[in-house]
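Here is a note for your first look at this entry. Please keep the viewer open and check each point as you read.

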Amino acid sequence: MTAVEAEKHEGEMARTSVQDLSTDEAPRPAEAGSATGRWLRFLIPVLMLVGLIVVWQVYVMVYDVPHYILPSPVRVAQALAADWPVLLSALWVTLTITLKALVIALVGGVALAILMAQSKWIELALYPYAVILQVTPVVAIAPLILIYTPTTQAAILICAWIVAFFPVLSNTTQGLRSTDHNLLNLFELYRASRWQTLIFLQLPNALPYFLAGLRIAGGLALIAAVVGEFAAGTAGAGSGLAFRLLESQYRLNIPRLFGALILLSLTGVLIFAATSLVSHLLLRKWHESAVRREN
Amino acid sequence: MNTAAIATAPDPTTASHAPLVSLRGVSKTFSNGTVALQNMSLDIGEREFVSLLGPSGCGKSTALRIIAGLGDTTSGTITWPGVRDDTTAKSRHEIGFVFQEPTLMPWATVFNNVWLPLRLRGVSRSAARGDVMEALGMVGLEKFADSYPRELSGGMKMRVSIARALITRPKLLLMDEPFAALDEITRFKLNNDLLHLWEKFGWTVIFVTHSVFESVYLSSRIVVMASRPGRVIDELAIDAPYPREEEFRTSSIYNEYCRKTSDALHAAMEGSEHR
Ligand SMILES: Nc1ncnc2c1ncn2[C@@H]1O[C@H](COP(=O)(O)OP(=O)(O)OP(=O)(O)O)[C@@H](O)[C@H]1O
Ligand SMILES: [Mg+2]
């Protein structure tokens with residue numbers, strides 16, 4: 001058997017053993033270990049959460065804390081149930097603004113990154129303004145935006161967009177630029193058009209960078225949507241979660257405030273989980289950050 | 001300089017009259033001041049198998065890239081007298097390049113990596129299937145068409161890279177230490193395969209290597225280079241007839257050439273150390 005054949009043979013064996021894994025009746029100790037590991041990974045955070053809630057409830061009951069200072073978890077749950085229609089519609093408003101801002105930021109950020117990758121001159125002309133937009137605190141620009149836009153919703157959308165835009169732009173730009181030099185040479189050698197180089201080489205190469213940007217942008221878009229609504233204040237016709245937060249504070253309806261807060265956190269966690277999942281699904285076959293390491 | 005004398009000397013091989021590609025006084029200085037090549041002159045005839053042999057850092061890769069038209073020269077000219085309509089764009093189309101690193105796209109399967117050159121020419125996946133599998137067959141990797149590069153060993157990646165270079169049936173094949181990462185048996189097998197393909201398809205091959213034995217086994221001519229600055233210091237014609245098979249490795253003429261080449265390489269290394 002030549003070395004080449006031996007290697008082929010080895011490859012076949014590797015494949016069949018992978019298929020065998022699913023049909024193996026008696027899992028090997030290592031796999032059993034990883035199964036309990038998976039359970040623990042799920043169980044520990046849940047137990048931790050339950051524990052914290054219990055401590056909170058006991059603390060409120062034992063020290064008899066008034067509910068307008070710190071409501072008990074049960075009270076918060078009651079508020080959530082009672083104010084559900086109000087909170088749900090508020091959540092919907094915040095969520096749509098966040099997602100709209102995120103989508104526009106993704107499209108705009110990627111488009112601008114591609115444009116800047118085409119020519120050094122375009123980059124020199126545009127990049128400084130992207131940086132300026134990013135480094136100026138959004139709360140500081142919000143009043144101006146509120147004056148210039150017809151509706152509060154539009155103003156909040158713009159705030160969220162400004163904040164979410166930059167991580168997408170800068171990460172994608174970095175990804176497009178870090179394409180392997182030899183691969184670029186190879187494309188040049190085969191006389192690939194600019195378009196082909198972009199589609200087959202630069203964009204796939206930028207994908208992991210873009211996805212890292214997406215995860216940051218998702219969280220930031222939600223934060224900016226809330227900050228924007230705070231900046232608009234109760235004067236605006238806003239009815240998002242931030243508005244409900246402020247309103248609850250004025251009315252000293254602290255349980256509802258907690259309810260809104262929990263919904264906000266959950267939304268943030270959900271956005272993070274969704275973007276992480278997308279990232280994992282797209283990269284799991286090839287990128288070091290997502291593949292399962294076996295050695 | 002003796003390089004000029006070598007360059008103007010008549011071509012010692014079986015190659016046809018006009019050289020395919022010809023370098024005249026080519027120099028390359030990098031922006032950090034490294035003189036990678038100095039006044040290199042070289043003619044490569046059609047259907048020749050030329051090895052560039054030399055110590056690490058003597059500019060072999062740089063020379064290969066310049067021949068492929070990747071990166072500018074600081075001075076000197078490269079002409080393609082052997083190409084009928086003398087547009088470099090046309091001739092480039094028929095160059096296959098195996099880089100020193102595998103240079104595969106990590107997000108694409110082995111199949112898609114090998115398909116790439118055809119894909120860039122607009123050949124569809126199904127139309128390319130036969131060619132891709134044939135090229136993978138040449139390097140013994142048909143079984144791995146659906147694997148990703150990260151699932152392959154270093155030598156297997158290199159063989160994918162070779163398959164990708166072969167798929168366009170290039171007239172000129174430039175190979176930068178393609179077999180350096182392989183075990184000896186695989187390497188010998190691929191040496192033989194490469195020679196057979198070379199004879200069958202009538203390619204011209206420029207082959208970079210560190211190995212005296214490999215260069216003698218494969219080449220019709222060996223160009224010995226020295227470093228700092230990178231330059232050609234010797235040329236040896238290997239006049240043993242093709243086809244060369246395994247028995248050639250043990251023949252006395254092979255050993256004789258190896259000794260001569262080895263001496264030339266030692267001279268080159270000493271030449272570098274004086275500077
Ligand atoms: N991009 C670069 N910038 C600056 N110097 C470079 C660059 N690429 C190569 N060099 C220098 O040019 C010289 C020749 O490099 P080259 O890669 O051609 O060597 P080589 O003969 O292929 O060596 P090896 O056998 O180790 O691959 C080296 O001294 C190297 O330091
Ligand atoms: Mg090299």
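The points below go from the chain pairing to the domains, the ligand and the salt bridges.

1. Start with the status of the model. It is predicted. Keep that in mind for every value below.

2. Look at where the two chains meet. Chain B puts 39 residues in contact with 28 residues of chain A. About 3,200 Å² is buried between chain B and chain A. Carbon and sulfur atoms account for 62% of that area. On the chain B side, B:Trp107, B:Leu120 and B:Arg150 lose the most area to chain A. Together these three give 23% of what the chain B side buries.

3. Now ask what polar links cross from chain B to chain A. There are zero salt bridges across this interface. Four residue pairs are in polar contact, both partners being at pLDDT 80 or more. Several elements of chain B give two or more residues to this side, among them helix H2 (60–68), helix H4 (110–120) and helix H7 (184–201). Strand E5 (95–98) of chain B is another of these elements. By class, the side of chain B that touches chain A holds 19 nonpolar, nine polar and 11 charged residues.

4. Turn to chain A by itself. Its domain assignment gives domain 1 (1–64) and domain 2 (72–283). Four residues from domain 1 of chain A and five residues from domain 2 of chain A make the contact. The two domains of chain A bury about 400 Å² between them, with 80% of it on carbon and sulfur atoms. Which three residues supply 92% of the area that domain 1 of chain A buries against domain 2 of chain A? They are A:Trp56, A:Gln57 and A:Val60.

5. Check the polar side of that same domain pair. Between domain 1 of chain A and domain 2 of chain A there are zero salt bridges. One residue pair is in polar contact there, both residues at pLDDT 80 or more. The touching side of domain 1 of chain A has three nonpolar residues, one polar and no charged.

6. Chain B is also divided in two. Domain 1 of chain B is written in pieces (44–71 + 85–94 + 172–275), and domain 2 of chain B covers 110–169. Their C-alpha centres lie 24 Å apart. In this pair, 13 residues of domain 1 of chain B are in contact with 10 residues of domain 2 of chain B. The buried area is about 980 Å², and carbon and sulfur atoms give 75% of it.

7. How many salt bridges are counted between domain 1 of chain B and domain 2 of chain B? Zero. The count of residue pairs in polar contact is zero too, with both at pLDDT 80 or more. On the domain 1 side, strand E6 (172–176) and H7 of chain B each supply at least two residues. H7(B) gives the largest share, five residues. By class, that side of domain 1 of chain B has 10 nonpolar, two polar and one charged.

8. Next, find ligand 1. It is surrounded by 14 residues, the closest being B:Ser56, B:Lys60, B:Ser61, B:Thr62 and B:Gln100. An oxygen atom of ligand 1 is 2.5 Å from a side-chain N or O atom of B:Thr62. For the side chain of B:Gln100, the distance from a ligand 1 oxygen to an N or O atom is 2.8 Å. B:Gly57 uses a polar backbone atom, 2.8 Å from an oxygen of ligand 1.

9. Finish with the salt bridges. The whole structure has 16 over all chains. One of them pairs A:Arg256 with A:Asp83, with the closest N and O atoms 2.9 Å apart. A:Arg256 is in helix H11 (residues 254–283) of chain A, and A:Asp83 is in the loop between helix H3 (73–82) and helix H4 (84–118) of chain A, so this pair ties together parts 173 residues apart in sequence.

How values were computed: Residues are numbered from 1 along each chain as its sequence is written. Chains are lettered from A and ligands numbered from 1 in the order in which they are written. This is a predicted model: local features need pLDDT of at least 70, side-chain atom pairs count only at pLDDT 80 or more; totals for chains, interfaces and linings use all residues. Side-chain values use heavy atoms; hydrogens and water are left out. Domain bounds come from an automatic or database domain assignment. Contact means heavy atoms within 4.5 Å. Buried area is the accessible area (1.4 Å probe) that two parts lose on being put together, summed over both. A salt bridge is a side-chain nitrogen of Lys or Arg within 4 Å of a carboxyl oxygen of Asp or Glu. A polar contact is a pair of N or O atoms within 3.5 Å; within protein, one must be able to donate a hydrogen and the other to accept it, and residues adjacent in sequence count only if both atoms are side-chain atoms. Ala, Val, Leu, Ile, Met, Phe, Trp, Tyr, Cys and Pro count as nonpolar, Asp, Glu, Lys and Arg as charged, and the others, Gly among them, as polar. Helices (H or I, at least four residues) and strands (E, at least two) are DSSP runs, numbered from the N terminus. A residue is near a molecule or strand if one of its heavy atoms lies within 4 Å of it.
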